[in-house]
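Visitor: I am new to this structure and would like a close look at a single part of it. Could you pick one helix and walk me through its surroundings?

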Amino acid sequence: MRLRRAVLCHIEEIGGASQAPSHYCDASRTDYPCNPSKKYYGRGPLQLTWNYNYGAAGKANNFDGLNAPETVAQDAVVSFKSALWFWMENVHSVIGQGFGATTRKINGALECDGKQPDKVQARINYYNDYCKQLGVAPGDNLSC
């Protein structure tokens, strides 16, 4: 079986380095201070973003996430460990609540609550298409 759309095909966020004016740095997170020469845009299978996620993922997976966030794009083992870390820390708790709940946990601040309805609908359409190709029901609660 071959899925019609590419899955996990971008190692780095498309245009991430140029599109992120804050470089995904939350200066209020003093527990994981930003390195001013680094950018914390999306990298890896779940597109890890923000200094606090890079810092915590690095701590959990033995790499310097704040001073070497590019490691997530350059080292496949670190990349997938970071994706699994993010999933278990941030998404796993809502797994039984439907696709919409997982979307909210991953991209809620950017997409949900009417912020980018076209992106939300496109994500739902892709999800429905994958479910159809795999012969599984998509379930309820598809929108965030």
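**A close look at helix 2**

Guide: Happy to! Let us take helix 2, where N51, N53, Y54, G55, A56, A57, G58 and N61 are buried. Please keep in mind that this is a predicted model. Helix 2 runs over residues 51-61, and with 8 of its 11 residues buried it is mostly covered. What lies over those buried residues? The cover includes helix 3, at residues 71-74, and helix 4.

Helix 4 deserves a longer stop. Its axis and that of helix 2 come within 10 Å and cross at roughly 110°. Angles from 65 to 115 degrees count as roughly perpendicular, so helix 2 is roughly perpendicular to helix 4. On the helix 2 side, the contact is made by N53, A56, A57, A60 and N61. Helix 4 brings K81, S82, W85, F86 and N90 to the contact. Sorted by kind, the residues of this contact are 5 nonpolar, 4 polar and 1 charged. You can find N53, A56, A57 and N61 among the buried residues of helix 2 as well.

Now follow the chain out of the helix. Just after helix 2 comes N62, which takes a positive phi of about 60°.

To finish, here is how helix 4 links to another part of the model: helix 4, at residues 76-91, is also among what covers the buried residues of helix 5, and helix 6 (117-134) is included in that cover too.

Notes: Residues numbered from 1 in each chain as written. Predicted model: local features only at pLDDT ≥ 70, side-chain atom pairs only at ≥ 80, totals over all residues. Heavy atoms only, no water. Contact = heavy atoms within 4.5 Å. Helix = DSSP H or I, 4+ residues; strand = E, 2+ residues; numbered from the N terminus. Buried < 20%, exposed > 50% of the residue type's maximum accessible area, 1.4 Å probe, protein only. Axes fitted to C-alpha atoms, helices over the stretch in contact; angles between N-to-C directions. Parallel < 35°, antiparallel > 145°, perpendicular 65-115°, else oblique. Nonpolar A, V, L, I, M, F, W, Y, C, P; charged D, E, K, R; others polar.
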